[in-house]
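Thank you for making the time this morning. I would like to walk through one model with you, going from its sheets to its core and then to the ligand, and finishing with a few single residues.

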Amino acid sequence: IAAAKGDYRHFMQKEIDEQPRALMDVLRGRIDQEHGRIELTDIRLSDADLRRVRRIYAVACGTAWHAGLVAKFLIEQLARVRVEVDYASEFRYRNPILQSDDERDALLLAITQSGETVDTLAAMEEARNQGVSSVAIVNAIGSQAARLADGGPIYLHAGPEIGVASTKAFTSMLVAAYLFALRLAQARGTLTPAQIREHIQALIELPGKAAQTIEQTTPLCIKLAERYHKASNALFLGRQINYPIALEGALKLKEISYIHAEGYPAGEMKHGPIALIDEQMPVICIAPRDHIYEKMVSNIEQVRARHGQVIAIGHLGDELLAEKAHHLIGVPATLPLLQPVLNVIPLQIFAYHVAVLRGCDADQPRNLAKSVTVE
Ligand code: G6P
């Protein structure tokens with residue numbers, strides 16, 4: 001195993017760096033650029049099957065659950081199908097009402113890196129017992145989730161992920177969910193061919209932008225880790241599709257550095273977390289130029305008014321944001337629905353360097369397992 005790490009000190013760092021390659025691999029063979037079509041041949045559902053779907057239940061645990069929250073935005077926006085997102089451990093015990101007997105219109109979307117998480121598998125079995133098909137976004141080839149997914153596994157092809165904190169599997173999950181949403185949209189006619197082409201173009205450019213993000217944000221992330229690694233609390237704020245990225249940034253930091261961190265939808269800040277903000281507290285605000293940019297900027301002003309330390313994640317060259325925040329981590333712009341893939345990368349890098357500076361083992365955090373196969 002030591003050899004597989006190459007020149008890297010930790011697998012997590014290696015896996016962060018592997019993301020441009022992983023994003024290429026999850027796209028490979030699934031896009032027909034010439035005809036502007038998504039060729040997701042992994043799924044065993046016909047266009048007619050996909051047109052019948054009127055509700056999707058996304059179930060997952062941990063980081064994969066954050067991918068489910070992002071998938072909700074993707075599927076609802078692109079394919080106009082309602083999505084409910086559940087923790088698999090909650091779903092399995094709540095006797096969920098998935099569909100009525102005369103409407104066979106539900107689909108389960110399980111998301112799991114290992115394909116062996118016990119709660120996610122139980123959720124898939126619940127769906128099966130209720131006659132609902134499932135599709136699994138999964139990394140491990142031939143895993144239990146891949147086998148249980150009668151609608152087909154959508155493999156990430158991200159390669160083995162050793163670091164307990166998921167990085168390349170997460171960004172690959174987001175892209176797999178994007179492909180699935182586009183595939184649904186294609187069957188349902190909710191996007192024009194020109195719009196599908198625009199999404200395809202953005203997907204093709206994504207691995208290069210991920211490489212640029214790693215290269216250009218790492219030096220600042222290291223500086224910020226040096227500046228803030230002694231903090232005892234951190235708050236991550238985002239809105240809409242970047243709210244799950246705030247959750248993921250907080251999870252990464254807490255699981256490997258043991259700093260207490262919370263992710264919050266920025267609009268809820270005033271209903272609780274604002275009470276915790278003082279001059280010691282780093283507040284990481286995800287604020288790309290999208291339809292709620294102004295709202296994020298006003299949240300940043302509110303944090304500053306309470307003397308919080310604002311680290312903004314925004315578009316490269318956003319001068320307004322640079323002026324409002326203490327620090328701006330600039331990432332390349334992509335389509336708003338794809339922006340989470342790039343936004344999460346500096347959060348991974350920041351968490352990694354904080355963990356290293358605090359003397360924590362980023363690959364093997366205490367008490368955590370890479371895959372939770374028993375309850
Ligand atoms: C564990 C791991 C997490 C992972 C979660 C779900 O908690 O430490 O990194 O996100 O399980 O795992 P799965 O294999 O189902 O994606």
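Let me begin with an open sheet of 5 strands, which in this predicted model follow the order S9-S8-S10-S11-S12 with parallel pairing. At its edges stand strand S9, residues 260–265, and strand S12, residues 327–331, each of which pairs on one side only. If you look along the sheet, neighbouring strands are turned against each other by 20 degrees on average, with direction ignored. Within it, strand S10, residues 282–286, runs parallel to strand S11, residues 309–315, and 5 bridges join the two; one position to find on your screen is Val283, which stands opposite Val310 in S11.

Two helices can be placed against this sheet. Helix H9, residues 193–228, packs on it and touches S10, S11 and S12, its direction making about 160 degrees with that of S12. Helix H13, residues 339–357, also lies across S10, S11 and S12, and it runs at about 135 degrees to S12.

Now please turn to another open sheet, again of 5 strands, where the order is S4-S3-S5-S6-S7 and the pairing is parallel. Strand S4, residues 82–87, and strand S7, residues 153–155, are at the edges, and because each has a single partner strand, one side of each is left without a neighbour in the sheet. From one strand to the next the twist averages 20 degrees. Strand S6, residues 133–138, pairs with S7 in the parallel sense over 3 bridges, and here Val138 stands opposite Tyr155 in S7.

This sheet has its helices too. Helix H6, residues 118–129, packs on the sheet and touches strand S3, strand S5 and S6, with its direction at about 165 degrees to that of S5, while helix H8, residues 168–188, lies across S5, S6 and S7 and runs at about 140 degrees to S6.

That brings me to the core. In soluble globular proteins, nonpolar side chains tend to be buried together. The largest nonpolar core here has 135 residues, and those touching the most other members are Leu109, Ala110, Met173, Ala177, Ala181, Cys285 and Ala312. Helix H8 supplies the largest share of this core, with 14 residues. To take one member, Ala110 touches, among others, Val59, Ala60, Ala123, Met124 and Ala136, leaving aside residues up to four places away in sequence.

Which residues come nearest to the ligand? Of the 16 residues around the ligand, they are Gly62, Thr63, Thr112, Ser114 and Thr117. Sorted by class, this shell has 6 nonpolar, 9 polar and 1 charged residues, and helix H4, residues 62–79, gives the most to it, with 3 residues.

Helix H4 also holds Gln77, which counts as partly exposed because it has 15 C-beta neighbours inside 10 Å. The C-alpha atoms of Gln77 and Leu337 are separated by 8.8 Å, although the two residues are 260 residues apart along the chain.

Finally, two residues that are not glycine have a positive phi. Gln240, with phi near 55 degrees, sits in the loop between strand S8 and helix H10. His307, with phi of about 70 degrees, lies in the loop between helix H11 and S11. Is each of them partly exposed or exposed? Gln240 has 19 other C-beta atoms within 10 Å and is therefore partly exposed, whereas His307 has 11 and is therefore exposed.

How values were computed. Residues are numbered from 1 along each chain as its sequence is written. This is a predicted model: local features need pLDDT of at least 70, side-chain atom pairs count only at pLDDT 80 or more; totals for chains, interfaces and linings use all residues. A residue is near a molecule or strand if its C-beta atom, placed from the backbone, lies within 6 Å of it. Helices (H or I, at least four residues) and strands (E, at least two) are DSSP runs, numbered from the N terminus. Ala, Val, Leu, Ile, Met, Phe, Trp, Tyr, Cys and Pro count as nonpolar, Asp, Glu, Lys and Arg as charged, and the others, Gly among them, as polar. Two strands pair if DSSP finds at least two bridges between them. Axes are lines fitted to C-alpha atoms, for helices over the stretch in contact, and angles run from 0 to 180 degrees between N-to-C directions. Two residues are in contact if their C-beta atoms, placed from the backbone, lie within 7 Å. A nonpolar core is a set of buried Ala, Val, Leu, Ile, Met, Phe, Trp, Tyr and Cys residues joined through C-beta atoms within 7 Å. A residue is buried if 20 or more other C-beta atoms lie within 10 Å of its own, exposed if 12 or fewer, and partly exposed in between; C-beta atoms are placed from the backbone.
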